[in-house]
Amino acid sequence: MKKLRTLTGLVLLVALASCAKVAAEHEHGVVFDVTADLILADVTKSNVSDYTVLPQADEFVLTITDADGALFWSGKSAEWDPATKIKAGGYTVKASYGSIEDEGFDKPCFEGVSAFEVKGKETTHVEIPASLANTVIKVSCTEAFKNYYKDYTFKLERNNSEIVTFVKDEPKAAFIDGYRVTVSGVLTTETGAEKTFSQEYTALAAATAYNMVFDVAGTGSGAVTITFNNT
C-alpha cells in the first residue's frame, strides 16, 4: 500500500517595502517601495529561495490605473521615475512577477495591489503587499519506497497535457495554477514490473506548498494498493 500525505501551510506574504528609487520632494511625486526579500511564513520558516531563485526588485512589473480604471503607466519598477507628473486623485497600482499561466520549475508568480491617493505638493510613498499567486508542489519518497521501486516518474497534468515531470530523486518544486491538476506516476519494481496510478486534485490553495510524500506498506502481500490521504 502506498500512502500520499499532503502537507499544507506554506503561506507567503510579501511586503514590498525597500525603496527602489528616491524622489526629490516635488508636486505630485510618487515613490513605490519594492523588495525581493520574500520570506515564507510556514512551520519551518522557509524562504522562497528554498524552492526557487528570488526575483530582483527591478523585475517586478508595475501597472498604474486611475480611479476610472484607465491605464496611466505600466513597466518594470526600475523604469518608473518618481519625478513623473501625476495629477492629484485616486489610483491603483498592481505589482506582479511572472504569470499564473506559466507553470513548471522555477516559475513563481507574485501579485499585489494597493490603492493610493496623490495630493498636491506632496510626495506619495506607496507600499505594495504581494503574495504568491500560484501553488507549490514538491514530491518526496521514503527510503522504503525507494528500496521497493528501482525507478519511478511522477507527472503533473491537466486536460491530458503535461505540466511538469518529476524524475527519480527530483529535488525541485513545481509552481502551478492549483485550480485543477492530475498527479500520475509510473513505478518500476525490482523485478521490472510497472505499476501506474492517477489522482486528480482541485482547488489547491495559492501561496501554499503541498509536499506529496510517497511510501509503501505490505509489499510482501503480492499485491499493491494505492491510497490517498489528505492529512
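**Rings, strands and confidence**

Author: In this predicted model, 64% of the contacts with a separation of 6 or more in the protein are between residues 24 or more positions apart.

Reader: How many helices and strands does the protein have?

Author: The protein has one helix and 18 strands. Buried residues account for 41% of its 231 residues. The accessible surface comes to about 11700 Å², and carbon and sulfur atoms hold 49% of that.

Reader: What is the mean pLDDT of the protein?

Author: The mean is 79, and 75% of the residues reach 70 or more. Residues 1-26 stay under 50. The model still has 110 contacts beyond four places in sequence for residues 1-26. Where pLDDT is low, the predicted coordinates should not be read in detail.

Reader: How many aromatic pairs are there?

Author: The structure holds 17 aromatic pairs. One of them joins Phe-145 and Phe-214.

Reader: What makes Phe-145 and Phe-214 an aromatic pair, and why is the pair called tilted?

Author: Take the distance, then the angle. The ring centres are 6.1 Å apart, and the cut-off for a pair is within 6.5 Å. The planes make 50°. Stacked needs under 30 degrees and edge-to-face needs over 60. The angle of 50° fits neither, so the pair is tilted.

Reader: Which parts of the chain does the pair of Phe-145 and Phe-214 link?

Author: Distant ones: Phe-145 is in helix α1 (residues 143-148) and Phe-214 is in strand β18 (residues 209-216). The two residues are 69 residues apart.

Reader: Are Phe-145 and Phe-214 buried or exposed?

Author: Buried means under 20% relative accessible area. Phe-145 has 0%, so Phe-145 is buried. Phe-214 has 4%, so Phe-214 is buried.

Reader: Why is the pair of Phe-197 and Phe-214 called tilted?

Author: The planes of Phe-197 and Phe-214 stand at 45°, with the centres 5.7 Å apart. An angle of 45° is not under 30 and not over 60, so the pair counts as tilted. This pair also links distant parts of the chain, with Phe-197 in strand β17 (residues 194-202) and Phe-214 in β18, 17 residues apart. Phe-197 has a relative accessible area of 10%, under the 20% limit, so Phe-197 is buried.

Reader: Which residues do ring pairs link into a cluster?

Author: The cluster consists of Phe-145, Tyr-148, Tyr-149, Tyr-152, Phe-154, Phe-197 and Phe-214.

Reader: In what order do the four strands of the open sheet stand?

Author: The order is β14-β13-β16-β17, with antiparallel pairing.

Reader: What makes β14 and β17 edge strands?

Author: β14 (161-166) and β17 each have a single partner strand, so one side of each is without a neighbour in the sheet. From one strand to the next, the twist averages 20°.

Reader: How do you know that β13 and β14 pair?

Author: Count the bridges. Pairing needs at least two bridges. Five bridges join β13 (residues 149-158) to β14, so the two strands pair, and they run antiparallel. Arg-158, for example, has Ser-161 in β14 as its bridge partner.

Reader: Why is Ser-198 called partly exposed?

Author: Ser-198 has 48% relative accessibility. Buried needs under 20% and exposed needs over 50%. The value of 48% meets neither, so Ser-198 is partly exposed. Ser-198 is found in strand β17. Leaving aside residues up to four places away in sequence, Ser-198 touches Thr-182, Val-183 and Ser-184.

Reader: What separates the C-alpha atoms of Ser-198 and Leu-156?

Author: A distance of 9.7 Å separates them, and Ser-198 and Leu-156 are 42 residues apart along the chain.

Key
Residues are numbered from 1 along each chain as its sequence is written. This is a predicted model: local features need pLDDT of at least 70, side-chain atom pairs count only at pLDDT 80 or more; totals for chains, interfaces and linings use all residues. Side-chain values use heavy atoms; hydrogens and water are left out. Rings of Phe, Tyr and Trp (its six-membered ring) pair if their centres lie within 6.5 Å; planes under 30 degrees apart count as stacked, over 60 as edge-to-face and the rest as tilted. Buried means under 20% relative accessible area, exposed over 50%, partly exposed in between (1.4 Å probe, protein chains only). pLDDT is the predictor's confidence in each residue, from 0 to 100. Contact means heavy atoms within 4.5 Å. Axes are lines fitted to C-alpha atoms, for helices over the stretch in contact, and angles run from 0 to 180 degrees between N-to-C directions. Accessible areas come from the Shrake-Rupley method with a 1.4 Å probe; for residues, only the protein chains shown count as cover.
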